[in-house]
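Here's a quick briefing to read with the model open beside you. Take a look at the fold, then work through the notes below.

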Amino acid sequence: MLEYQPEAALPEAALPIVYRDDYLVAINKPAGMLVHRTPLARGETRFVVQTLRDQLGCRVYPVHRLDRPTSGLLLFALSPEMATRLCEEFTQQRVEKRYLAVVRGLGPECERLDYALREEDGSRPKVEMPAMDALTEVRRLDSVELPIQVDRYPQTRYSLMEARPLTGRRHQIRRHLSRRGYPIVGDAKHGKGNHNRFFRERLECPGLLLAAVGLSFLHPVRQARVHLSASLSSDLTVLFERFGWAGHVPSSTVHWEDDEVNCALP
């Protein structure tokens with residue numbers, strides 16, 4: 001049995017559910033929320049796994065991850081068997097992921113970023129970690145030029161980038177765009193402090209401006225491909241409208257390739 005739950009109908013403390021059936025559930029994770037308890041969770045009291053478990057009244061099993069500051073689509077299985085099958089889809093790189101990011105500068109029109117990455121949060125120094133292949137396809141969807149000096153130039157440009165990671169390395173999109181010369185706004189580790197402050201103090205848009213807005217995969221039981229889309233947070237939506245990017249604001253939808261009837265959520 002398929003169950004669709006509009007985000008607007010949820011209680012304030014609940015996590016927005018984009019899609020749910022008897023086997024899996026997809027939510028729209030808020031930025032700043034950890035997926036599960038870790039030793040780094042100092043002072044945190046609310047986590048996605050525990051909150052979703054209490055919300056649904058059953059155990060949930062995360063099959064992939066999003067960084068703490070990243071918002072967007074996060075998929076969970078509702079049984080260990082389904083978790084194994086979905087994890088295999090991610091491992092075999094059969095899941096398509098789509099992100100939106102706001103970056104400094106005029107980003108590349110269309111490019112494949114192929115920079116090997118080393119684990120940077122391991123127990124050994126980064127230089128001692130093995131280099132792992134990492135591929136990200138990026139495309140500039142829009143841009144804006146502001147008559148404000150944030151850096152050394154009298155005007156400042158920002159771009160709306162679509163990113164599709166073809167591999168799943170830690171912080172891959174953030175590190176790839178930064179290495180290419182277009183750091184994501186709000187990235188404290190790989191970004192630029194003056195631009196981060198400008199967005200936080202002048203545009204009332206704090207945090208990492210990176211959102212996982214699309215997820216496509218083969219449903220293990222239905223054996224049909226499903227495409228999920230998630231809406232943006234309110235501050236990102238306001239920013240997009242302010243920059244003239246309203247046409248790129250996604251909505252929460254569920255689309256089946258074998259269905260004529262699909263679901264668009266408010």
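Let's start with helix H5: what covers its buried residues includes strand S5 (96-104), strand S8 (156-165), helix H4 (193-201) and strand S9 (210-218). Keep in mind that this is a predicted model. After H5, the notes turn to strand S2 and its partners, then to the cysteines.

**Helix H5**

- H5 spans residues 234-242, and its buried residues are Leu236, Thr237, Leu239 and Phe240.
- Looking down the axis of H5, you'll find those buried residues within an arc of 160°, so they line one face of the helix.
- That fits the textbook picture: an α-helix has 3.6 residues a turn, so residues three or four places apart point the same way.
- Flip to the face turned away from the buried side of H5, and you meet the exposed residues Ser234, Val238, Glu241 and Arg242.
- Following H5 comes Gly244, with a positive phi near 80°.

**Strand S2: how enclosed is it?**

- Strand S2 covers residues 24-29, and 6 of its 6 residues are buried, so the strand is largely enclosed by the rest of the structure.
- For a residue to count as buried here, its relative accessible area has to be under 20%.
- Leu24, Ala26 and Asn28 point one way from S2, while Val25, Ile27 and Lys29 point the other way, and all of them are buried.
- As a rule, side chains in a regular strand alternate between the two faces of the sheet.

**Strand S2: who are its partners?**

- On the S1 side, strand S1 (residues 17-20) runs antiparallel to S2, and 3 bridges join the two.
- A hairpin of 3 residues connects S1 to S2.
- Across that pairing, Ile17 sits opposite Ile27 in S2, and Arg20 sits opposite Val25.
- S2 also pairs with strand S4 (residues 71-77), again antiparallel, through 6 bridges.
- In the S4 pairing, Lys29 of S2 stands opposite Gly72.

**Cysteines**

- How many disulfides does the structure hold? The count is 0.
- For reference, a disulfide is a covalent bond between the sulfur atoms of two cysteines.
- Cys58 has 28% relative accessibility, so it counts as partly exposed.
- Cys87 has 30% relative accessibility and therefore also counts as partly exposed.

Methods:
Residues are numbered from 1 along each chain as its sequence is written. This is a predicted model: local features need pLDDT of at least 70, side-chain atom pairs count only at pLDDT 80 or more; totals for chains, interfaces and linings use all residues. Side-chain values use heavy atoms; hydrogens and water are left out. Buried means under 20% relative accessible area, exposed over 50%, partly exposed in between (1.4 Å probe, protein chains only). Helices (H or I, at least four residues) and strands (E, at least two) are DSSP runs, numbered from the N terminus. Two strands pair if DSSP finds at least two bridges between them. The arc is that of the directions from the helix axis to the C-beta atoms. Contact means heavy atoms within 4.5 Å. A disulfide is a pair of cysteine sulfur atoms within 2.5 Å.
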